[in-house]
Amino acid sequence: MQLRRLSALALALLAFAACTRADEHAVRRAQTKLQSAQASGDDVAVRTAAAEWRTALGDLVGTVEGGTPKRVAADASAPADAKLAAAYLAKYRAHIAPDIEAYLRDVAHPTKLPAGLRQLAVLLIADAQTVAALGDAATAERAEIPRLADALCSVQRPNGLFAFPDIRAKSEFFGKMIDKLLEAHPDAIADGWLVSDGGRGDLQYDNGLCGVALLEAHALTHDARYLAAALRAAEWAKTQPIVTNWNYNSFSVWFLARLALVTKDRAWLDEAARRCRFGVLPGQMDNGRWFDPHNAKLVYHAILCRALVELAIANRAFAVTDAAVERAATLGLDNAADEILRDGVSVVTVPTEVFAQALSRWRTTPRWTAAMHALASTGLARRAPSSELGPYAAAYLDYAHRAQP
């Protein structure tokens with residue numbers, strides 16, 4: 001009798017596993033169709049291929065890659081103090097100062113770098129946000145901005161790309177990815193930099209971050225070199241294919257929408273909108289989450305929302321009405337807020353940034369404000385379950401100062 005029960009349980013578990021396993025061949029076919037449709041700019045074909053991909057995922061639609069993340073119970077009862085954010089940032093800066101100096105020293109030697117240029121870009125953006133919040137009191141951050149911007153400009157490729165360093169000796173994770181890319185594209189590396197992603201879209205990540213960082217540097221220093229470098233990076237981004245990883249596309253959407261705001265050039269807004277239309281919106285479900293398990297993770301969901309919010313802000317500045325973008329940004333932030341407040345905080349980095357930016361520059365809702373409070377109180381108390389708040393505390397600091405009466 002006990003054996004029969006165990007057999008029945010085993011069969012039930014096998015049946016459950018079978019029903020939740022994605023049809024990998026169908027997924028790949030759908031992704032191939034999707035990339036072709038994205039290249040042709042065929043709305044119907046893009047939506048059809050995205051729907052096929054979603055169907056092929058079966059019960060894995062909207063589930064989180066890697067399983068349920070660890071969470072910390074959300075506390076949205078009161079906003080964190082801006083002074084606490086400033087103190088956190090001061091300690092963080094002191095902690096990473098030696099690493100930044102080493103990074104600046106080695107930036108021209110890519111195989112020595114521990115990570116991509118995104119590290120410098122994120123810090124530069126944080127410095128700009130800190131200056132916006134603290135003004136003349138942010139002396140260290142203001143002085144650091146041109147050093148970081150100059151370092152980025154010094155390694156920009158002739159075609160405008162902010163490339164990714166060949167860090168195979170430093171990172172097993174990126175090493176495997178680079179080795180796999182080189183099997184199909186042996187000329188993808190030049191001068192120690194990954195200068196091609198074989199059409200996968202990976203390089204849009206760092207390029208978009210560096211572009212936004214240089215726009216921040218230009219806004220504070222008025223150094224024309226930084227805007228010129230950002231424009232060259234945008235020209236590179238414009239030549240890149242829209243890809244099936246929604247969050248890769250979103251880095252270019254974010255950057256180009258910000259560039260449109262800075263230059264007041266409608267052409268950059270139109271390019272950001274095109275990339276969003278074919279490379280971001282088709283992956284979002286009616287509940288606001290992206291359907292594939294990778295982008296269903298909160299950190300990538302937040303990255304996608306960041307691009308949508310930036311595009312919505314730029315649309316308003318140009319008096320452009322795009323209901324689809326407004327709806328997608330709202331649904332995405334609603335979904336993220338609901339997850340944080342209902343299930344707890346799983347990651348504090350980019351979610352803190354996007355809620356801070358949305359509340360400061362776009363619009364507010366009670367749920368978004370509560371999510372912001374929960375993220376900040378978790379991150380600043382160093383209770384973050386997956387990664388420390390780090391430089392993203394600057395986005396909260398800026399928001400907290402703006403929110404003061």
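These are my notebook entries on what I looked up in this structure, which is a predicted model.

**Entry 1: helix H6**

I began with helix H6, which covers residues 139-154, and I checked its length against what its residue count would suggest. At 1.5 Å a residue, its 16 residues should span 22 Å, and I found its end C-alpha atoms 24 Å apart, which agrees. I then asked which residues of H6 are buried. They are Glu141, Glu144, Ile145, Leu148, Ala149, Ala151 and Leu152. I noted beside this list that an α-helix has 3.6 residues a turn, so residues three or four places apart point the same way. The buried residues of H6 pack against four other helices, namely H4 (82-106), H5 (118-134), H8 (204-221) and H9 (224-238).

**Entry 2: the largest nonpolar core**

Next I looked up the largest nonpolar core, which has 138 residues, and in which Leu308, Leu333, Phe355, Trp362, Leu380 and Tyr396 touch the most other members. Helix H12 (residues 298-317) supplies the largest share of this core, with 13 residues. I wrote down the general background that in soluble globular proteins, nonpolar side chains tend to be buried together. I followed leucine 333 further and, leaving aside its neighbours within four places in sequence, I found it in contact with Cys305, Val309, Val354, Phe355, Ala358, Trp362 and Trp368.

**Entry 3: threonine 365**

Where does threonine 365 lie? I located threonine 365 in the loop between helix H14 (349-361) and helix H15 (366-380). Threonine 365 counts as buried because its relative accessibility is 16%, and the cut-off for buried is under 20%. I also noted that a polar atom of the side chain of threonine 365 lies 3.1 Å from the backbone nitrogen of tryptophan 368.

**Entry 4: the sheet**

I turned to an open sheet of three strands, whose order is E1-E3-E2 and whose pairing is antiparallel. Its edge strands are E1 (164-165) and E2 (189-190), each of which pairs on one side only. Strand E3 (residues 193-194) pairs with E2 in the antiparallel sense over two bridges, and I saw that tryptophan 193 in E3 is the bridge partner of alanine 190.

**Entry 5: cysteines**

How many disulfides does the count give? I recorded zero disulfides, taking two cysteine sulfur atoms within 2.5 Å as the rule. For cysteine 153, the nearest cysteine sulfur is that of cysteine 210, which is 9.5 Å away. Cysteine 153 counts as partly exposed, because its relative accessibility is 21%. For cysteine 276, the closest cysteine sulfur is in cysteine 305 and is 11 Å away, which is too far for a bond. Cysteine 276 counts as buried, because its relative accessibility is 1%.

**Entry 6: positive phi values**

Last, I looked up two residues that have a positive phi although neither is a glycine. Histidine 222 has a phi of about 60°, and I placed histidine 222 in the loop between H8 and H9. Is histidine 222 buried or exposed? Histidine 222 is exposed, with a relative accessible area of 62%. Lysine 264 has a phi near 60°, and I placed lysine 264 in the loop between helix H10 (246-263) and helix H11 (266-279). Lysine 264 is exposed too, with a relative accessible area of 67%.

Definitions and conventions
Residues numbered from 1 in each chain as written. Predicted model: local features only at pLDDT ≥ 70, side-chain atom pairs only at ≥ 80, totals over all residues. Heavy atoms only, no water. Buried < 20%, exposed > 50% of the residue type's maximum accessible area, 1.4 Å probe, protein only. Polar contact = N/O pair within 3.5 Å; in protein donor to acceptor, adjacent residues only side chain to side chain. Expected span 1.5 Å × (residues − 1). Contact = heavy atoms within 4.5 Å. Core = buried A, V, L, I, M, F, W, Y, C linked by side-chain atoms within 4.5 Å. Pairing = 2+ DSSP bridges.
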